[in-house]
Amino acid sequence: MSISTVLTIALVVAGCAFFLAGTVGLLRFPDTHSRLHALTKADNLGLGFICAGLAVHGGSVTGALELAFVWALAMMAATVSAFLIARWADWTSDQ
Amino acid sequence: MDSFLMGAALFLLVNLGVGLTRLYRGPEPADRVQALLLFTTTTVAMLLLLAHAEGSPALIHVALVFVMLAAIASIAFVQLPHRIPEE
Amino acid sequence: MIPLSPVFDVLLGLGLLWLAWRVVASRGRFTAVVLFMVFGLVMAIAWARLGAPDLALAEAAISAGITGALLLNACKAAYADPGHPQPGGPATPPPSSARRWLVYAICGGLGTALAATMAWLALGRPDVAPELRDAVSGHAVDNPVTVILLDLRGYDTLLEMAVLLMAFLGLRILMGHRDLAGLHPLPEGVPSMADSLVAMATPILLITALYLFWTGTEAPGGAFQAGALLGALGVMYRLTGRIEPLDHTPAALRLGLILGLGVFAGFACLSLIWSDWPLSYPAMATAGVALTIELAMMISIAVTLTLLFSGSAGIRLARAPVQGP
Amino acid sequence: MTAVVPLAATAGLLFAIGLYGMIGRTGLIHRLLGANIMASAIFLFLVVLSTRGIEASADPVPQAMVLTGIVISVCITAFALGLIRYLRVMTGEDELRRSTRDADGQSADD
């Protein structure tokens, strides 16, 4: 097994583990605000690891850039979504 | 290697199925939308894995379109009134 | 070792079925809508698995960008409109149990029969006709789906553009009614963070849409996907108050609405000059003509989808975007 | 290789579920979503029919038809939501009720 194969497997497995953590958090955390942590941190980290693993697997610079772009956009969207939803939920609980 | 990537995609699919219970149970509307956002990220990861497992680079563009439009759901959601009747 | 991809497909099918069942059986409107949005995500994966990236792209742009926002907006309208039935008001009496079982029996019987028939048909599906294969592989445009859309079955696409226009005209007639005029759900207090996200996303979306349009002749992509993506951009603009509804349709929008149908139909008439059949391409300039028609279609699809989402006769760019607290 | 038989069977069952949404529910949004699910079932079936083995490329005709179908179904959804809105403003109701006259017969739907 070459070093890139090992690296890909390790990174993709790490990514899947973070997705699992995100899902467990979504299911087990007690309220909306704590569940937002599961949502916006764990799964985007998982996506980042999977992108990194696939970039190693693909082995081309343009492919890696494309994956990095996907990840960057996903984080942008997650940031805004988390903010919007948290504020919406705050408003509800204040009433 | 391809079957490993396929296995990872399968794992994420099962993960998504388990997460559906949160979407279904709620209880708050915000919880359901959070589950939707988690599924969007999971779908993006699955599409990337499938793109590499099946050697079909166009699927990366599909993933790109999904992440670009991921915020629309939450922007549309927060414009709903804070008291949603009947839910 | 069990091969993984059939397992994946079976789970995908089960997931689709469970989601669809929850969509139609859920009590609340909002829950059903969110579940339907997840259904769209899973459908995109199904297209990807079935080797149809063109469809996956269109499904991604439409389900994530347009249908979801459209349905959530409908929920909002349902809570805001006058005449919303008061909670605790007279509800529809639940159907009698005999009736309910009749519905279950019809749907269950039909589902079983259809599932068996469709599986049987899928097993015995014929090969692609050699004439079709030759026509597609010898065509000046490389993406087979684009060849079908624009050339071999161009009349389907022509009429599809007519359906889009009809949908807009129908909605416009409804919204022109005096009780509905001015009932466009407006964005209220959009946080500036969402607005700056849209500002950042605009160039990215524009470039991606043009890329998908341009690459559509040789790779998955084309007018439909690019148009849907631009329509999603319009949805974003409408949601953040960057464009606002109008009660009339400005001339530029009218042109945009009919451009696709007009260029396509105009080409169909013109082609009678050099051929006996409408919609046959000149041998010299197939790719150029195809690209022109696609450009017109992309603009029409984007304009129509934006207007359909806006639910108003027209739109214009807002002078100062709505800023929330 | 994609498993065509399970996905074709899924399409058949999805159609029935969508039909249940259309005839078994009174809420108009649920009915509309049911109709959309029926459309997706047909699309899924057509695309399953378009697949070929690994070596042969897929049949592009069903794929092109489904591509137009996806865009049409979103337009029809938008129009139907407009109609639902119109009905609500006119009658204040969000569902189609069975009229008292034929409460035992067919519902006043579709």
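Two residues are in contact when their heavy atoms lie within 4.5 Å. With that criterion in mind, the tour below moves through a predicted model, beginning with chain C.

**Stop 1: chain C as a whole**

Select chain C and colour it by secondary structure. Eleven helices and two strands make up its elements. Read from the N terminus, the order is α-α-α-α-α-α-α-α-α-β-α-α-β. Of the 325 residues in chain C, 58% are buried. Now display the surface of chain C: about 13500 Å² is exposed, and carbon and sulfur atoms supply 69% of that area. The contacts inside the chain may be examined next. Among those in chain C between residues at least 6 apart in sequence, 76% join residues at least 24 apart.

**Stop 2: the interface of chain C and chain D**

Add chain D to the selection. How many residues does each chain bring to the contact? Chain C contributes 94 residues and chain D contributes 71 residues. Together the two chains bury about 7500 Å², and 76% of this area is on carbon and sulfur atoms. Show Val24(C), Leu50(C) and Arg125(C) as sticks; these residues supply 10% of the area that chain C buries against chain D, more than any other three residues.

Next, look for polar features across this interface. Zero salt bridges are found between chain C and chain D, whereas four residue pairs are in polar contact, with both residues of each pair at pLDDT 80 or more. Then highlight residues 97-123 of chain C, which form helix α4. This helix gives the most to the side of chain C that touches chain D, with 15 residues.

**Stop 3: Ser26(C)**

Centre the view on Ser26(C), which is located in the loop between α1 and α2 (29-49) of chain C. Is this residue buried or exposed? Ser26(C) has a relative accessible area of 2%, so it is buried, the cut-off being under 20%. Display what surrounds it: with neighbours within four places in sequence left aside, Ser26(C) is in contact with Thr31(C) and Ala32(C), and also with Arg25(D) and His30(D) of chain D.

**Stop 4: a salt bridge between chain A and chain B**

Show all chains again. Over the whole structure, a search finds six salt bridges. For one of them, select Arg35(A) and Asp31(B), whose side chains meet at 2.9 Å, N to O. The pair crosses between chains: Arg35(A) is in helix α2 (residues 32-58) of chain A, and Asp31(B) is in helix α2 (residues 29-53) of chain B. Both Arg35(A) and Asp31(B) are buried.

**Stop 5: the network around Arg49(C)**

Move to Arg49(C) and display Glu54(B) beside it. The two residues form a salt bridge, with the closest N and O atoms 2.4 Å apart. Arg49(C) belongs to helix α2 of chain C and Glu54(B) to the loop between α2 and α3 (58-77) of chain B, so this pair joins two chains. Their accessibilities may be compared in the viewer. Arg49(C) is buried, with a relative accessible area of 6%, whereas Glu54(B), at 31% relative accessibility, counts as partly exposed.

Now add Asp9(C) to the selection. Arg49(C) forms a salt bridge with Asp9(C) as well, the closest N and O atoms being 2.9 Å apart. This pair links distant parts of the chain, from helix α2 at Arg49(C) to helix α1 at Asp9(C), 40 residues apart. Asp9(C) is buried, with a relative accessible area of 0%. Through shared partners, the salt bridges join Glu54(B), Asp9(C) and Arg49(C) into one network.

**Stop 6: a nonpolar surface patch**

Finally, switch to a surface view and select Val14(B) and Val18(B) with Val7(C), Val10(C), Leu11(C) and Leu14(C). These residues make a nonpolar surface patch of about 430 Å². The elements that give two or more residues to the patch are α1 (2-25) of chain B and α1 (4-25) of chain C. Which helix gives the most to the patch? Helix α1(C) does, with four residues. For a closer view, pick Val7(C), which is placed in helix α1 of chain C. Val7(C) counts as partly exposed because its relative accessibility is 32%.

How values were computed:
Residues are numbered from 1 along each chain as its sequence is written. Chains are lettered from A and ligands numbered from 1 in the order in which they are written. This is a predicted model: local features need pLDDT of at least 70, side-chain atom pairs count only at pLDDT 80 or more; totals for chains, interfaces and linings use all residues. Side-chain values use heavy atoms; hydrogens and water are left out. Patches are made of residues with over 30% relative accessible area and no salt bridge: like charges are joined within 9 Å, nonpolar side chains (Val, Leu, Ile, Met, Phe, Trp, Tyr) within 5 Å. Accessible areas come from the Shrake-Rupley method with a 1.4 Å probe; for residues, only the protein chains shown count as cover. A salt bridge is a side-chain nitrogen of Lys or Arg within 4 Å of a carboxyl oxygen of Asp or Glu. Buried means under 20% relative accessible area, exposed over 50%, partly exposed in between (1.4 Å probe, protein chains only). Buried area is the accessible area (1.4 Å probe) that two parts lose on being put together, summed over both. A polar contact is a pair of N or O atoms within 3.5 Å; within protein, one must be able to donate a hydrogen and the other to accept it, and residues adjacent in sequence count only if both atoms are side-chain atoms.
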